[in-house]
Amino acid sequence: MMAGSALADKGMVKDGMLVNEKGMTLYTFDKDAPGTTNCYDKCATNWPPLMADASAKAEGEWSLVERKDGSKQWAYKKMPLYLWVKDTKPGDTTGDMVNDVWHIAKP
């Protein structure tokens, strides 16, 4: 049961895209590199990282990326995952293609 609770904060697949536990769409950022996030400050305010609990453990395609402050962020296939502040309800995808660098995360 402990492993399940540690993994509860990561995303899941729904309707062919990755979403968080509340059903909100997750995104990837073209300026990131596998295993590295480059979204901080104003970027992270608009695109909140999908943060991982301190006890979270990588599993399968899900991994963890360490942020500058030492906190952990979830990644899928090594690409860090984010939410978009303008998505207001589950299923919203208004962040797709913002500035041609943000994309819906897909399995």
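Ring pairs join Tyr27, Phe29, Trp47, Tyr82, Trp84 and Trp102 into a cluster. The model is a predicted one, and a search through the whole of it turns up seven aromatic pairs. One of these brings Trp47 and Trp102 together as a stacked pair, with 3.8 Å centre to centre and just 5° between the planes. In sequence terms, Trp47 sits in the loop between helix H2 (42–46) and strand E4 (51–52), while Trp102 belongs to strand E8 (residues 102–104), so this pair ties together parts of the chain that are 55 residues apart. Trp47 and Trp102 are both buried.

Trp62 and Trp74 make an aromatic pair of another kind, this one edge-to-face, with 6.3 Å centre to centre and 90° between the planes. Here the partners come from two strands: Trp62 lies in E5 (residues 62–66) and Trp74 in E6 (residues 72–76), so the parts tied together are 12 residues apart in sequence. As for accessibility, Trp62 has a relative value of 9%, and because the cut-off for buried is under 20%, Trp62 counts as buried. Trp74 is buried too, with a relative accessible area of 0%.

Aromatic rings also meet charge in this model, as a lysine shows. The charged end of Lys68 sits over the ring of Tyr40, at 4.2 Å from the ring centre.

Technical notes. Residues numbered from 1 in each chain as written. Predicted model: local features only at pLDDT ≥ 70, side-chain atom pairs only at ≥ 80, totals over all residues. Heavy atoms only, no water. Phe/Tyr/Trp six-rings, centres within 6.5 Å; stacked < 30°, edge-to-face > 60°. Helix = DSSP H or I, 4+ residues; strand = E, 2+ residues; numbered from the N terminus. Buried < 20%, exposed > 50% of the residue type's maximum accessible area, 1.4 Å probe, protein only. Lys NZ or Arg CZ within 6 Å of the ring centre and 35° of its normal.
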